[in-house]
Amino acid sequence: MFILAVKRTSGIYRAQSCDSPLGQDVVLGMGRGDLTDAESERLRPFLPVSNRRCGRWRNHRQVIDGILHRVRTGVQWRDLPERFGPWKTVYERHRLWSADGTWERLLQQVQAATDAAGEIDWDISVDSTIVRVHQHAAGARTDPPPTPVSKGAEPTEH
């Protein structure tokens with residue numbers, strides 16, 4: 001199958017194929033754990049804007065999906081699937097945003113916006129279970145062990 005174009009609609013990647021009858025769309029699917037359209041729209045106002053000095057940025061949604069995929073699976077940066085774009089782009093954006101505090105700022109802004117909308121329930125649950133030490137670890141000696149005396153040696157007096 002020869003893919004003519006790939007576009008993302010409603011969170012689903014669709015490929016226009018010239019080999020399929022009547023040029024039908026072939027659904028490539030959305031990766032598990034990728035941002036939904038609603039999540040992407042909620043994040044959009046808080047994401048940094050390119051300063052145009054260093055060229056155009058790759059789509060934030062695609063890069064964030066790549067970062068989330070790596071965090072979720074633990075895959076090496078170089079082994080990211082191609083649908084997230086060049087691995088170096090995903091790695092660099094993650095590194096830059098971690099260094100300049102963008103992730104922390106993004107979390108604070110999204111939390112503030114959802115709290116203002118009344119969508120966050122700030123109830124806190126404290127677990128009061130007791131964690132006990134293994135029975136062999138309890139009651140360990142505090143004095144150093146006695147020094148061994150060799151056979152046939154007389155005890156020394158101090």
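Colleague: I would like to begin with the largest pocket: how many nonpolar, polar and charged residues does its lining divide into?

Modeller: The lining of the largest pocket divides into seven nonpolar, four polar and four charged residues. Please keep in mind throughout that this is a predicted model.

Colleague: What is the general idea behind looking for a pocket, and how much space lies in the largest pocket here?

Modeller: Rolling a probe the size of a water molecule over the atoms shows where empty space is left. In this structure the largest pocket holds about 240 Å³ of space. Its lining is made up of 15 residues, and those closest to the centre are Arg44, Leu47, Pro48, Asn59 and His60. Two elements, α1 and α2, each give two or more residues to this lining, and the largest share, three residues, comes from α2.

Colleague: What volume does the second largest pocket have, and which residues line the second largest pocket?

Modeller: The volume of the second largest pocket is about 190 Å³, and the residues lining that pocket are Pro48, Trp57, Thr89, Glu92, Arg93, Leu96, Trp97, Asp100, Thr102 and Arg105. Here the elements that give two or more residues are α3 and α4, with α3 supplying the largest share, five residues. By residue class, the lining of the second largest pocket divides into four nonpolar, two polar and four charged. You may like to locate Pro48 in both places, since Pro48 is listed among the residues closest to the centre of the largest pocket and also in the lining of the second largest pocket.

Colleague: Trp57 and Trp97 are both in that second list; how should I read the aromatic pair that they form?

Modeller: The general idea is to look at two values, the distance between the ring centres and the angle between the ring planes, with planes under 30 degrees apart counted as stacked, over 60 as edge-to-face and the rest as tilted. The whole structure contains three aromatic pairs. One of them joins Trp57 and Trp97, whose centres are 6.4 Å apart with 55° between the planes, and this pair is tilted. Trp57 belongs to the loop between α1 and α2 whereas Trp97 belongs to helix α3, so the pair ties together parts that are 40 residues apart in sequence.

Colleague: Are these two residues buried or partly exposed, and which ring pairs with Trp97 in an edge-to-face arrangement?

Modeller: For burial the cut-off is a relative accessible area under 20%. Trp57, at 32% relative accessibility, counts as partly exposed, but Trp97 has a relative accessible area of 3% and is buried. The ring that meets Trp97 edge-to-face is that of Trp103, because the planes stand at 75° and the centres are 5.2 Å apart. Trp103 is partly exposed, its relative accessible area being 23%. Taken together, Trp57, Trp97 and Trp103 form one aromatic cluster.

Colleague: Turning to charged side chains, how many salt bridges are found in the whole structure, and what does the pair of Arg61 and Asp37 tie together?

Modeller: Five salt bridges are found. The general idea is to look for a side-chain nitrogen of Lys or Arg within 4 Å of a carboxyl oxygen of Asp or Glu. Between Arg61 and Asp37 the closest N and O atoms are 2.8 Å apart. Arg61 is part of helix α2 (residues 60–73) and Asp37 of helix α1 (residues 37–43), so this salt bridge ties together parts that are 24 residues apart in sequence. Arg61 counts as buried at 12% relative accessibility, while Asp37, at 33%, counts as partly exposed.

Colleague: Which residue forms a salt bridge with Arg42, and which one with Glu92?

Modeller: Arg42 forms a salt bridge with Glu119, where the closest N and O atoms are 2.6 Å apart. This pair links distant parts of the chain, with Arg42 in helix α1 and Glu119 in the segment after α4 (102–116), 77 residues apart. Arg42 is partly exposed at 42% relative accessibility, and Glu119 is partly exposed at 48%. The side chain of Glu92, in turn, meets that of Arg95 in a salt bridge with an N to O distance of 2.7 Å. Both of these residues lie in helix α3 (residues 87–99), three residues apart, which is about one turn of the helix. Glu92, at 31% relative accessibility, counts as partly exposed, and Arg95 counts as partly exposed at 37%. Glu92 is also one of the residues lining the second largest pocket.

Key:
Residues numbered from 1 in each chain as written. Predicted model: local features only at pLDDT ≥ 70, side-chain atom pairs only at ≥ 80, totals over all residues. Heavy atoms only, no water. Helix = DSSP H or I, 4+ residues; strand = E, 2+ residues; numbered from the N terminus. Buried < 20%, exposed > 50% of the residue type's maximum accessible area, 1.4 Å probe, protein only. 1 Å grid on protein atoms, 1.4 Å probe; cavity = no way out; pocket = protein on both sides within 12 Å on 5 of 7 lines; lining within 4 Å. Points joined across faces, edges and corners; volume = space filled by probe spheres on them. Nonpolar A, V, L, I, M, F, W, Y, C, P; charged D, E, K, R; others polar. Phe/Tyr/Trp six-rings, centres within 6.5 Å; stacked < 30°, edge-to-face > 60°.
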